[in-house]
Structure formats: structure tokens, C-alpha cells
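Please work through the exercises below with the sequence and the structure open beside you. Try each task before reading its solution.

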Amino acid sequence: MKIRGMKQVLHWIFLVVGVVSLIVMGITMDTYLGYAEEGYGLDMSFDSAYLNDDWLVLKFYFENPGSLDIELVGGNLTLSEVYEIPEAELPNHIAQERPLSPLPAHENVSVMIWIPITNSADLDSIRTTGQVDIDLDLLLFVPTRYMNTHITFQATVEVSV
Amino acid sequence: MIVKTIFSLSIISITFVLYGLHEMPWTIWGSATGMFLLLLAPFFSGMIMGYSFENPKWALAYAIIIGFTAIGLNFLLFMLPQIMGVGDYHPGFMADVWWYGYVLPFFITISCVPAGAMVAVSTNVYD
């Protein structure tokens, strides 16, 4: 093959690779920003809920399809007032972390979240109706990226009393 | 030439970005193919840029400028969520940005992009 012909082939390859790289760049940045903004690629699904004395216990499945480990470090539940999820501490440094639950990369994990319901009106409402409108905002920590982000979940769920 | 510049910037910086962002499902980080692409893509871009020049001096200067602009773009893209404030980042994040956004791309850029440009510009004498 002559040099001129080879150059032409290389230019065509360059054109195709260039267009593909622009498209991949757009998709990658959109995904990266979306990850940082909420959930870091986590897929969160509700399993069940029950009431243990005045503790509301919520069971969720988390699927982490990404390649980075994520930690669930805390959060809050909004009913008629805001309830903090206990035993949670925001890590300032990777060595001081105390995760509520680790969510390893490429794994499915079930997590039980225990929340003390201190407001008697909320507790009575759950006991009488057997369901609750949950508005959960969970705090995530991504150790490799040294960053915190949130994942939210809103739904009306049945509660076994 | 503008199209070549845009595509070169895009090819070099997306390679660095994909190597740095190993949370992406389509990351090239941690594989032999990834290392190969990391070296090949900047070389290939430099080569295509080199074909446009008769004078090796200008080819070298242009390739280096494009290479360093791509590093800047990569650095910016890596930091974009922090700049936009969409995530709450701790100071340790910047160590990652400097490594994957500057140090590693710097060595690859100064090695591969001018090498590609020089290989290409030297073949121009056969036209």
C-alpha cells in the first residue's frame, strides 16, 4: 500500500474514533455528574417494613453496579418531623469512618434501617393505618473519591405492626 | 484543521478521563487493554496532527500544545462535579485529581503525542 493510501485510511479511522470519543465523552460526563449528584449509581429497592415497639424497621435492597465501594453512613426519615438514623457518623477522614453498612462494588446487599419514632402521633398513625409515607434521605460516602452524596427514596409502604 | 484539533482534544482527554474515572461501567482502568489504549490514543492523535505539517518544528509545537490542552480539559472534567458543587468532596479528592488528571497524563503526553507527530511528519517526505 502506498503512503498516501495508508494516510487516507488512518484519517478515516481518526474521523470515526473522534466522533465516537465525543459521544462517549458526553455520556461519561453526564453519568459522572449524575453519580456525584445522587446515589453514585446505586439501585435502591424497598423490601419490607415492620414496627418493633417504637422503632420503625425498614429493609432495603441495594445493588451497586459500579466498580467503587460505597458506604451508607447515615441519613434521615421525614414523617411529621425529621428523624435522624442513629449510629451514624459523617467521616471526615477515611480512617475515622464508621459506616452504617458497606455496599461493596458489584454486589447486592440487604440493609435494615432502624429508626426510633419519638412522635406519638406518627406512631399512632402507623399503628392504625398499617402503612406509612416514607421520605428517606440517605447519606453515602465513597471512600475512593473522598466524597459524600445522597440517595433519596419516597413511597407509601405497608408496615407489619 | 479545526476538526482535527477538536477530535484530537476529544480523543486524548476521553482516554485520560476514562482511565481516571474507574467508577464508570465502561472504564479502561486496571486492564491491559486500558494501558494499551492509554498509550495508543495520544500517539494516534499526535500522528494524525503530524500529517498536516511540512515542518517538524511546527508539528512538534502544535502536538505539545494540543497535548497540554487535553490535560487541562481532563483535569477540568475530573473536577467538574466538585466545581459545580453536586457532591460534597473532602480534601483527599484533590490527590486523585492531581494523579489521574495531571501527573499520569503529563508523562503520557510528553512521551506519546510528540512521538506520534514526529513519526507522521517524517513520512511526509515520501509524498
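The exercises that follow concern a predicted model, and each task comes with a worked solution.

**Exercise 1. Describe the overall form of chain A.**

Begin with the elements: chain A has 2 helices and 8 strands, and along the sequence they follow the pattern α-β-β-β-β-β-β-α-β-β. Next, turn to the extent of the chain, whose C-alpha atoms fill a box of roughly 85 × 35 × 25 Å along the principal axes. Finally, compare the radius of gyration with that of a compact globule of 161 residues, which would be near 15 Å, whereas chain A has 23 Å.

**Exercise 2. Trace how β2(A) pairs with other strands of chain A.**

Start with strand β1 (residues 43-52) of chain A, which pairs with strand β2 (residues 55-64) of chain A in the antiparallel sense over 9 bridges. Within this pairing A:Leu51 stands opposite A:Leu56 in β2(A). The hairpin of β1(A) and β2(A) has 2 residues between the strands, and A:Asp53 takes a positive phi near 55° there. Then follow β2(A) to strand β6 (residues 107-116) of chain A, to which 10 bridges join it in an antiparallel run. A:Leu56 appears again in this step, since A:Leu56 stands opposite A:Ile115 in β6(A).

**Exercise 3. Work out how much of chain B meets chain A, and which parts take part.**

Count the residues before anything else: 38 residues of chain B are in contact with 37 residues of chain A. The area buried between the two chains is about 3500 Å², and carbon and sulfur atoms give 71% of that area. Of the area that chain B buries against chain A, B:Phe7, B:Glu23 and B:His90 supply 20%, more than any other three residues.

Now consider the polar side of the interface, where 12 residue pairs are in polar contact, with both residues at pLDDT 80 or more. The elements that give two or more residues to the side of chain B touching chain A are α1 (2-20), α2 (32-50), α3 (56-84), β1 (88-89) and α4 (93-123) of chain B. The largest share, 10 residues, comes from α1(B). By type, the residues on this side of chain B divide into 22 nonpolar, 11 polar and 5 charged.

**Exercise 4. Find a salt bridge and a strand pairing between the chains.**

The count between chain B and chain A is 2 salt bridges; one of them joins the side chains of B:Asp96 and A:Arg145, at 2.5 Å from N to O. For the strand pairing, look at strand β8 (residues 147-158) of chain A, which 2 bridges join to β1(B) in an antiparallel run. In β1(B), B:Tyr89 stands opposite A:Met147.

Terms used
Residues numbered from 1 in each chain as written. Chains lettered and ligands numbered in written order. Predicted model: local features only at pLDDT ≥ 70, side-chain atom pairs only at ≥ 80, totals over all residues. Heavy atoms only, no water. Buried area = accessible area lost by both parts, 1.4 Å probe. Salt bridge = Lys/Arg side-chain N within 4 Å of Asp/Glu carboxyl O. Polar contact = N/O pair within 3.5 Å; in protein donor to acceptor, adjacent residues only side chain to side chain. Helix = DSSP H or I, 4+ residues; strand = E, 2+ residues; numbered from the N terminus. Nonpolar A, V, L, I, M, F, W, Y, C, P; charged D, E, K, R; others polar. Pairing = 2+ DSSP bridges. Rg over C-alpha atoms; globule rule 2.2 N^0.38 Å.
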